[in-house]
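Hello,

Here is the structure I said I would pass on. Please open it before you read the notes below.

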Amino acid sequence: MATAVPPPPATQTATLAVEGMTCASCVARVERALGRVEGVVEANVNLATEKATVRFDPAATRPDALAAAVERAGYAAHPEVTGEKEDARGRELVALRRRVLVAVAFTVPIWLLEMVPMAVPGAMDALMRAVPMQTLRLVLFGLGTAVQFGPGWRFYQTGWAALRHGGPDMNTLVMLGTTAAYGYSVVATFAPGLLPEGTLHVYYEAAATIITLIVAGRYLEARAKGRAGAAIRALLDLRARTARVVRDGQEVEVPAEALRAGDLVRVRPGEKLPADGVVVEGASFVDEAMLTGEPVPVEKKAGAEVVGGTVNQTGAFTFRATRVGRETALAQIVRMVERAQGSKPPIQALADRVVGVFVPVVLGIAAITFLAWLLVGPPPALTYALVAAVSVLI
């Protein structure tokens, strides 16, 4: 006699807003943190929309436990609130734009003083005759410090947090690489005797350029995130906010969310339809361009189907709601767009796996380089080992 197989547990889906993700490595860390929670069936994190969609067994875990797992991984997480994400994204965009402007304002003079003279024959000699080398390095130190601990300070906050939680990411690599370049330059500026002969160089332009380019990239990425959500916001704006429902012979205005299947809804000229349904009384022409793209209004009379989000044109009619809330065609379109934005092509899945090991590998190579030079390098071994390790990080 065959043994009965128990049915799979019923699952629920929760959507969390995740803050602090900046790269594919962050996405991989959040997905791993969610995947380790007991009861989680599937976790999908989208960097563009900054959302985590989690399918889980409600008998084994809850949304607040999912958010706590993300926070233990070093990121802020909370249930998604309509409108809150857009406000936060707007503030982030303004802050990033300010960081880009500050970084460019201090990085361009560094390039003009340090790199451009090298590319113009005779310019470096002329600059050295006009400005003593130590004075030039002090000016570069001031400009580089402004970039390192101004626009670059965010990398210290997020990079150190990721390192502290045992999951170094791209922020950690930027933090270590730019700090290595900047710190080496500071030693060359104020304590040149500590460096071996022939290694007395400054790399303020390397640290400043890395920070400026990455901050600029983050700004462009933030703008792209805003555009990625624009399609969904435009679709949501098509929804009707209220509905006129006939109950007990009286016409009552209620929020569209309060509609129930079977309600009789009256629509006047110029109003949006709050739900899907079938016309039972009256006739009109309805603009269905948002659904079909057809600019010519479609005639609707008794027995015709109507779709929520479309716009009534000339006449008035009454329809019986058949699909309301999340069951309407418009709501399903919104979910399809969100699902498409959250899906990952195979090449992105491969990139996520590569990035997940890239940072630890780079840090490991730097450590091996340091040990190799320390053990078999020429004297002073420690100094040469530091220089070699810093070179790898830069």
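The notes below cover a sheet, some salt bridges and a pocket, in that order.

Please keep in mind that this is a predicted model.

The sheet

Six strands make up an open sheet, and their order is β6-β5-β7-β13-β8-β11. The pairing is antiparallel. At the edges are β6 (250-255) and β11 (305-306), each of which pairs on one side only. Strand β8, residues 276-282, is joined to β11 by two bridges. To find this place in the model, look for Val278, whose bridge partner in β11 is Glu305.

Salt bridges

Side chains of opposite charge can pair when their charged atoms come close. The structure has nine salt bridges, and three of them are described here.

One is between Asp263 and Arg247, with the closest N and O atoms 2.8 Å apart. Asp263 sits in the loop between β6 and β7 (264-267), while Arg247 belongs to strand β5 (residues 242-247), so the pair links distant parts of the chain, 16 residues apart. Are the two partners buried or exposed? Asp263 has a relative accessible area of 8%, so Asp263 counts as buried. Arg247, at 24%, is partly exposed.

Another is between Arg268 and Glu251, where the closest N and O atoms are 3.3 Å apart. Because Arg268 lies in the loop between β7 and β8 and Glu251 in strand β6, this salt bridge ties together parts that are 17 residues apart in sequence. Both count as partly exposed: Arg268 has 43% relative accessibility and Glu251 has 35%.

The third joins Lys300 to Glu288, with 2.9 Å between the closest N and O atoms. Lys300 is in strand β10 (residues 298-300), and Glu288 is in the loop between β9 (284-287) and α10 (289-292), twelve residues apart. Lys300 is buried, at 8% relative accessible area, and Glu288 is buried too, at 10%.

There is also a network: salt bridges that share partners join Arg244, Glu251, Arg266, Arg268 and Glu271.

The second largest pocket

This pocket holds about 480 Å³ of space. It is lined by 21 residues, and those closest to its centre are Gly20, Glu50, Glu92, Leu96 and Arg154. Three elements give two or more residues to the lining: α3 (84-114), α7 (153-164) and α9 (204-236). The largest share, seven residues, comes from α3. Sorted by class, the lining has ten charged, seven nonpolar and four polar residues.

Regards

Notes
Residues numbered from 1 in each chain as written. Predicted model: local features only at pLDDT ≥ 70, side-chain atom pairs only at ≥ 80, totals over all residues. Heavy atoms only, no water. 1 Å grid on protein atoms, 1.4 Å probe; cavity = no way out; pocket = protein on both sides within 12 Å on 5 of 7 lines; lining within 4 Å. Points joined across faces, edges and corners; volume = space filled by probe spheres on them. Helix = DSSP H or I, 4+ residues; strand = E, 2+ residues; numbered from the N terminus. Nonpolar A, V, L, I, M, F, W, Y, C, P; charged D, E, K, R; others polar. Pairing = 2+ DSSP bridges. Salt bridge = Lys/Arg side-chain N within 4 Å of Asp/Glu carboxyl O. Buried < 20%, exposed > 50% of the residue type's maximum accessible area, 1.4 Å probe, protein only.
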